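User: I should like a close look at a single part of this model. Please explain it in connected prose that a first-year student can follow.
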Amino acid sequence: MTFKAVLVGCGGMAKGWLRAVREIPALAGRIEIAGLVDVDEGAARALVDEFALPARTGSDLPAMLQAADADLLFDVVPPAARKPVVLAGLEHGCHVLSEKPMATSLQDARLLIQAAERAGRLHAVVQNRRFISGVRRIRAFLESQALGDLTGLHCDFFLGPHFGGFREEMDHPLLLDMAIHTFDAARFMAGKVPLAVYALETNPAGSWYAQGAAASAIFEFSDNVTFTYRGSWCAEGAPTSWEAAWRFTGTKGSLLWDGAESFEARVVASEGKFLNDLAPIDVPEAPEAAKTHGHASVIAEFLAAVEEGRRPETDGTDNIKSLAMVFAAIESAATHTRVEIRE
Ligand SMILES: NC(=O)c1ccc[n+]([C@@H]2O[C@H](COP(=O)([O-])OP(=O)(O)OC[C@H]3O[C@@H](n4cnc5c(N)ncnc54)[C@H](O)[C@@H]3O)[C@@H](O)[C@H]2O)c1
């Protein structure tokens, strides 16, 4: 079956979605982009030209969903515009795949979950960075107990991107627009439940963001596992990967991951000295089936879930657990207290 999709929000990220749909064989022939919508219809027309799409363009989403007889809504609008867009899609009877973050408050995220349930449709989130191969590889490695029991995961995220646009104006740009990926990846790789957080959010001297370009957070995960995060979006000079640079500690050893191609794991080889002897161990590549590709993998998983009548991996009912980490960190920073995570 070919699904008719309407894509709303024709800015920078929309091109990534259209490239994924065009270039990934698993998606070929399964999705027809029937309509493109933007408050600025010129942006929609520019994408139709760039991607040579036989799609309608418009600025009125409900009218486009009707005219295109859409089955799917691809929501690529900025976070503040998300809620009415998702509700319009569900109301029309579409399954909706939204960009992250799922919502700008936990109340709104809960409301969207309820709306999807009432409509009997799926609402899932593009949490694409949990689908990159390194993240899948580490989850499998930790699950294999190669490091023994996991005791901690610690990451640094330091970059200096000059986006312009909504990120430089919004509240909590690092925590809400970026750390959602890192927190979700931590939850996924650890396979643990986030329980509580202490956080500090700042806007460092020289920041080109209106607020909250940097944050540090200590999360308590289930099974006595600690996750620490140090991040900044206005740090020039020593950039980390967009996936962050990680240290995982277990009862038998540690793994360092640079967020790209370097995986270094060492475990205790012999005991009895002040500092035990260590030996390197392999971090096996993810099996072929688990090698995934960001946006394309999320879209493919979403389509498979629609076809099979099940919830996709990044369904709103799961994604809200990562969003809850973000809002708990924001609350902790604002109140200078430890905040429990109950989602
Ligand atoms: N998953 C990722 O890796 C990733 C990367 C970048 C951006 N994003 C997310 O994608 C979303 C869009 O980001 P972007 O960088 O493309 O932003 P952008 O500002 O480049 O584009 C947003 C577009 O949406 C349009 N728009 C705004 N409100 C609208 C509304 N109510 N109805 C229709 N159109 C509307 C704007 O006119 C603009 O063309 C954000 O949620 C962002 O966090 C995700």
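What follows concerns the open sheet, then the two domains and the largest pocket: in what order do the strands stand, and which domains give residues to the lining of that pocket?

Analyst: The model is predicted, with local features taken at pLDDT of at least 70, side-chain atom pairs at pLDDT 80 or more, and totals for chains, interfaces and linings over all residues. Residues are numbered from 1 along each chain as its sequence is written, and side-chain values use heavy atoms, without hydrogens or water.

The open sheet has nine strands in the order 14-13-12-11-7-10-9-8-15, and its pairing is mixed. Strands (E, at least two residues) and helices (H or I, at least four) are DSSP runs numbered from the N terminus; two strands pair if DSSP finds at least two bridges between them. Strand 14 (277–281) and strand 15 (339–340) are the edges of the sheet, and each has a single partner strand, so one side of each lacks a neighbour in the sheet.

Between these edges, several pairs can be followed residue by residue. Six bridges link strand 7 and strand 11 in the antiparallel sense. Leu153 has Phe248 of strand 11 opposite it. Strand 11 is also joined to strand 12, again antiparallel, by four bridges. One bridge pairs Trp246 with Trp257 in strand 12. Two residues lie between strand 11 and strand 12, and the two strands form a hairpin. Elsewhere in the sheet, strand 9 (residues 214–221) and strand 10 (residues 225–232) run antiparallel and are joined by eight bridges. Here Ser216 has Arg230 in strand 10 as its bridge partner.

Two helices can now be added to the picture. Helix 6 (residues 133–143) packs on the sheet and touches strand 7 (150–158), strand 11 (245–250), strand 12 (253–257), strand 13 (263–270) and strand 14. The direction of helix 6 makes about 175° with that of strand 12. Helix 9 (residues 316–335) packs on the sheet as well, touching strand 8 (194–202), strand 9, strand 10 and strand 15. With the direction of strand 8, that of helix 9 makes about 50°. Angles run from 0 to 180 degrees between N-to-C directions, along axes fitted to C-alpha atoms, for helices over the stretch in contact.

The wider setting is given by the domain assignment, which is automatic or from a database. It divides the protein chain into domain 1 (3–121) and domain 2 (133–288 + 324–340). Taken over C-alpha atoms, the centres of the two domains are 30 Å apart. Eight residues of domain 1 are in contact (heavy atoms within 4.5 Å) with seven residues of domain 2.

The largest pocket has a lining to which domain 1 and domain 2 both give residues, so this pocket lies between them. A pocket is an open set of points on a 1 Å grid over the protein atoms alone, where a 1.4 Å probe fits and protein lies on both sides within 12 Å along at least five of seven lines; lining residues have an atom within 4 Å of a point. The largest pocket holds about 500 Å³ of space, counted as the space filled by probe spheres set on the points. It is lined by 24 residues, of which Met13, Glu99, Lys100, Arg167 and Asp177 are the closest to its centre. Helix 1 (12–23) and helix 7 (173–190) are the elements that each give two or more residues to this lining.
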